[in-house]
Amino acid sequence: MTKMAIKPTLLALSLITGLFSGTARAHFPLMTCWFESDNVVCEAGYSDASTAVDYAVNMYDYDDNLIAKGMTDKRSIAEFSKPDTDFYLVFDAGHENPVEVDVVEISEK
């Protein structure tokens, strides 16, 4: 009789595990940047294809001085004027590791 009771219990546990495994999937922040004439344009988002609206994207020089602050718009885009110095951009979503894009990784789109 014990063998019969174990099978429904295992089935129930398998179903519960299957239901909650989809919610445990992690997503991480992403950012792609490109040059458009004298501007630097960055699109931020997440690996699950969700957008990042109203998030800060900051531009720093190589001495870690803040050059410019930006916010993503309703399209998840932040735009900056291209500085005369080398720089990197940071998108910090707050719950994961921040995304950094270095100027050497950026090209014309």
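**Exercise 1. Look at Cys33 and Cys42 and work out how they are linked, and which hand the link has.**

Start with the sulfur atoms: those of Cys33 and Cys42 sit 2.2 Å apart. Keep in mind that this is a predicted model. A disulfide needs two cysteine sulfur atoms within 2.5 Å, so Cys33 and Cys42 are joined by one. Counting by that rule gives one disulfide.

Next, take the hand. The torsion about the S-S bond between Cys33 and Cys42 is about 110°, so this disulfide is right-handed.

**Exercise 2. Decide whether Cys33 and Cys42 are buried or exposed.**

The cut-off you need is this: buried means under 20% relative accessible area. Cys33 has a relative accessibility of 9%, so Cys33 counts as buried. For Cys42 the relative accessible area is 1%, so Cys42 is buried too.

**Exercise 3. Find Thr72 and describe its surroundings.**

Step one is the location: look in the loop that runs between strand E4 (66–71) and strand E5 (77–81), and you'll find Thr72 there.

Step two is burial. Thr72 has 2% relative accessibility, so Thr72 counts as buried.

Step three: which backbone nitrogen atoms does the side chain of Thr72 pair up with? One belongs to Asp54, reached at 2.9 Å. Another is the backbone nitrogen of Tyr55, 2.8 Å from a polar atom of the Thr72 side chain.

Step four is the wider list of contacts. Leaving out residues up to four places away in sequence, Thr72 touches Asp54 and Tyr55 again, plus Ala44, Ala52, Val53, Val57, Ile77 and Ala78.

Conventions: Residues numbered from 1 in each chain as written. Predicted model: local features only at pLDDT ≥ 70, side-chain atom pairs only at ≥ 80, totals over all residues. Heavy atoms only, no water. Buried < 20%, exposed > 50% of the residue type's maximum accessible area, 1.4 Å probe, protein only. Helix = DSSP H or I, 4+ residues; strand = E, 2+ residues; numbered from the N terminus. Polar contact = N/O pair within 3.5 Å; in protein donor to acceptor, adjacent residues only side chain to side chain. Contact = heavy atoms within 4.5 Å.
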